[in-house]
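Got your viewer open? Let's take a walk through this structure, one selection at a time.

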Amino acid sequence: GVQTCALPIYACSPAELKEFPGIGASEQRRILARKLLDQIQYFGKRADALPEWREAARIQDPDDLWRLWPSLPILTKKDLQERFPAAEIGQRFGVPGVVNSTGGSTGEPTRFFHDTTMLRKTQAAVYFTREQLGWRRGMPIIIVWGSERDIGREMSRKQRLHNRLRNEYLLDAYHLSDETVSRVLKLVHKKAPVAIYGFTSMLEFVAEAILKRNAALRPGLIAAAWNGGEMLFEQQRDVFLRAFGHPLLNIYGGRELSAMACQTHEDGYLEVLRPWLFLEIVDDAGRPVAPGESGRLIWTSTVCRGTPFLRYDIEDLGTHNTESSTESGISAIAELHGRVAGLLELPDGRKINNIYWNHLFKEVPEVKQFQVILRSTGQLSILLIGAGFSTEREQQLRSVLRNFLGNIPVDVKWVDNIPRTSQGKLVQVMRETPSPTETVVL
């Protein structure tokens, strides 16, 4: 059956991540080719294998697979949802692990299964990246994130104790206010030196408020800082540095693959966490792009044995350069074009982070797609595609929304389809202009 496990810090060693960048390119290629072959031989023999995987699993020479690899199918979020149902993988293949879900950055939460080994290695990767940015074990971490209460869940007593033992302090920040800023400042001064991380737009809000208060922190109080969940832009780096006295660095990751790449200094590229991950950047036709050319980021996990993250399109765009491209593949992302959540200002003046809706609906299995529209009248319209609610389930959702939004009127409507942009994208949150036929993407 499906099992869970307690995962202490560095439940598996990150030594491979530390040593790999110092190895010669030909040896890097040999190691990666061997790992890719191990993966294709495992997944190619599973009952849910794609035909191309079955054929490739016959290969014995890693170099032969390396040459064939770019012709294998690219997996999409839709493939994960329809061809590899997360809830079935553990029991069907006797793999211990857990089911998790993305936040659904385009309105479509994607569920997946992480096996125990991958859980241990992705956790090791998270702590490895934090140490690369200046965090040390035992250092307090201030987390500017969202509250589980705001999506109708309570953090368990066990989880609260776990956070406290790890010296982590989570601030509820779906609602951003002066109180959020005051709590950040109080924790920094009480616990310094500290590390701080959070959604980029949330950290930007706090930093701007600190500067308005003339309460900029002296250097040394913040020992490490990184963003999460969103893009990081130069103006955000600047305001954070002026407010916190420390640079904000970039960790790129996602729920599917955890930490994927990190920036170790302000002007540095995002270094891919190889050899646990293998990155390709391709155009719309699936062909490798040239250095400097933007393309789709295609990721392969060399450690997963649950959901097959083999040539997985995570739906972000990026570039690489000549320096970071060798015979072993792409070692770093030069420029990332990823997710921007942003803030939504409600009619009563409160600001909420748009990531709230992702985290709310990823916990609602009936919902396959969603879109939130703030109408010019001040009403929120929520369009949903999926199985529909029972009366009890709808009451539960409305209760959660009432607790979070207060008296903001909310219209929940199940629809057959949600209009997409001219580029075919399902937009997550929109604001209606005074003209009822025009909306603004947030």
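Before you click on anything, keep in mind that this is a predicted model. Searching the whole structure turns up 12 aromatic pairs. For one of them, select F240 and F244: their rings are stacked, 4.3 Å centre to centre, with 15° between the planes. Now show the backbone around them, and you'll see that both sit in helix α11 (residues 234–244). They are four residues apart, about one turn of the helix.

**The parallel sheet**

Next stop: a sheet. Colour β4, β3, β6 and β7, which make an open sheet of four strands in just that order, with parallel pairing. Which strands are at the edges? They are β4 (168–172) and β7 (222–228), and each of them pairs on one side only. Try looking along the sheet to see its twist, which averages 15° from one strand to the next.

Zoom in on β6 (residues 194–199) beside β7: these two pair in the parallel sense over six bridges. If you'd like one bridge to pick out, select F199, whose partner in β7 is G228.

Now add helix α9 (residues 178–191), which packs on this sheet and touches β3 (141–145), β4, β6 and β7. Its direction makes about 165° with that of β4. Then bring in helix α10 (residues 200–212), lying across β3, β6 and β7. Relative to β6, α10 runs at about 120°.

**Three backbone oddities**

Time to look at the chain itself. Most residues other than glycine have a negative phi, and most peptide bonds are trans. Here are some spots that go the other way.

- Select A192 and P193: the peptide bond from one to the other is cis, with omega near 0°. You'll find P193 in the loop between α9 and β6.
- Move on to N214, which has a positive phi of about 55° although it is not a glycine. Look for N214 in the loop between α10 and β7.
- Jump to R274 and P275, joined by a cis peptide bond with omega near 10°. P275 belongs to the loop between β10 and β11 (277–282).

**The antiparallel sheet**

Stay in this part of the chain and colour β8, β9, β10 and β16. In that order they form an open sheet of four strands, and this time the pairing is antiparallel. Why do β8 (251–254) and β16 (332–333) each have one side without a neighbour in the sheet? Both stand at the edges with a single partner strand, so one side of each is left free of neighbours in the sheet.

Strand β10 (residues 270–272) meets β16 through two bridges, in the antiparallel sense. Select E271 to see it standing opposite A332 in β16. Then switch on α7: this helix lies across β8 and β9, at about 35° to β9.

**Last stop: the cavity**

How many cavities of 30 Å³ or more does a search of the whole structure find? Just one, and about 90 Å³ of space lies inside. To see its walls, select M118, K121, T122, A125, L257, S258, A259, L273, W276, L277, S301 and V303. Colour that selection by class and you get eight nonpolar, three polar and one charged residues.

You've already met some of the elements here: α7 (116–132) and β9 (258–262) each supply at least two residues of the lining. The largest share, four residues, comes from α7.

Conventions. Residues are numbered from 1 along each chain as its sequence is written. This is a predicted model: local features need pLDDT of at least 70, side-chain atom pairs count only at pLDDT 80 or more; totals for chains, interfaces and linings use all residues. Side-chain values use heavy atoms; hydrogens and water are left out. On a 1 Å grid over the protein atoms alone, a cavity is a set of points where a 1.4 Å probe fits but cannot get out, and a pocket is an open set with protein on both sides within 12 Å along at least five of seven lines; lining residues have an atom within 4 Å of a point. Grid points are joined across faces, edges and corners, and a volume is the space filled by probe spheres set on the points. Ala, Val, Leu, Ile, Met, Phe, Trp, Tyr, Cys and Pro count as nonpolar, Asp, Glu, Lys and Arg as charged, and the others, Gly among them, as polar. Two strands pair if DSSP finds at least two bridges between them. Contact means heavy atoms within 4.5 Å. Axes are lines fitted to C-alpha atoms, for helices over the stretch in contact, and angles run from 0 to 180 degrees between N-to-C directions. Rings of Phe, Tyr and Trp (its six-membered ring) pair if their centres lie within 6.5 Å; planes under 30 degrees apart count as stacked, over 60 as edge-to-face and the rest as tilted.
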